[in-house]
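Please look over the sequence and the model shown here before reading on. The report that follows moves from the overall fold to single residues.

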Amino acid sequence: MPDSMKAVVLTRFGGPEAFELMDVPVPAVGSRQVRVRVHATAVNPLDYQIRRGDYPELVPLPAVIGHDVSGVIEDVGREVSEFGVGDEVY
């Protein structure tokens with residue numbers, strides 16, 4: 001498993017230009033979490049509200065945002081029993 005991945009990161013609040021493509025560390029998986037390799041994503045109203053700065057106290061920058069994703073589980077925490085590596089999720 002690589003120790004970094006590509007992500008579109010919100011570096012400041014504003015318009016679409018506030019995003020930067022960056023290498024970021026691959027997040028560790030907690031005991032009750034899964035990590036999904038994202039294959040597709042969409043932009044929903046919460047995403048653009050965050051981007052324009054509606055919730056600065058809740059979303060510290062820099063941030064990787066995005067709440068609607070689909071992909072394949074690539075790692076599961078030790079307490080996860082409902083999903084397994086390779087499962088397709090959305």
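## Fold and overall layout

Read along the sequence, the chain follows the pattern β-β-β-α-β-β, and there are accordingly one helix and five strands in the chain, where helices (H or I, at least four residues) and strands (E, at least two) are DSSP runs numbered from the N terminus. This is a predicted model, in which local features need pLDDT of at least 70 and side-chain atom pairs count only at pLDDT 80 or more, while totals for chains, interfaces and linings use all residues. Residues are numbered from 1 along each chain as its sequence is written, and side-chain values use heavy atoms, with hydrogens and water left out.

The C-alpha trace of the chain spans about 40 × 25 × 25 Å along its principal axes. Of the 90 residues in the chain, 21% are buried, a word that stands for under 20% relative accessible area, with exposed meaning over 50% and partly exposed in between (1.4 Å probe, protein chains only). Among contacts (heavy atoms within 4.5 Å) between residues at least 6 apart in sequence, 51% join residues at least 24 apart.

## Core and pocket

The largest nonpolar core has five residues, namely L10, A18, I50, V59 and A63; such a core is a set of buried Ala, Val, Leu, Ile, Met, Phe, Trp, Tyr and Cys residues joined through side-chain atoms within 4.5 Å. In soluble globular proteins, nonpolar side chains tend to be buried together. With residues up to four places away in sequence left out, A18 touches V9, L10, T11, R12 and F13.

The largest pocket holds about 910 Å³ of space and is lined by 29 residues, of which A7, V38, V64, I65 and V69 lie nearest its centre. A pocket is found on a 1 Å grid over the protein atoms alone, as an open set of points where a 1.4 Å probe fits, with protein on both sides within 12 Å along at least five of seven lines, and lining residues have an atom within 4 Å of a point. Grid points are joined across faces, edges and corners, and the volume is the space filled by probe spheres set on the points. The strand β3 gives the most to this lining, with seven residues.

## Selected residues

Three residues can be set side by side.

| Residue | Place | Relative accessible area |
|---|---|---|
| N44 | loop between β3 (34-42) and α1 (45-52) | 14%, buried |
| R35 | strand β3 | 10%, buried |
| Y55 | loop between α1 and β4 | 28%, partly exposed |

Not counting residues up to four places away in sequence, N44 touches H67 and D68, and the side chain of N44 makes a polar contact with the side chain of D68 at 2.9 Å. A polar contact is a pair of N or O atoms within 3.5 Å; within protein, one must be able to donate a hydrogen and the other to accept it, and residues adjacent in sequence count only if both atoms are side-chain atoms. The side chain of R35 reaches the backbone oxygen of P27 at 2.5 Å.

Leaving aside neighbours within four places in sequence, Y55 is in contact with L46, Q49 and I50, and its side chain makes a polar contact with that of Q49 at 3.1 Å. Also in the loop between α1 and β4 is P62, which a cis peptide bond, with omega about -5°, joins to L61.
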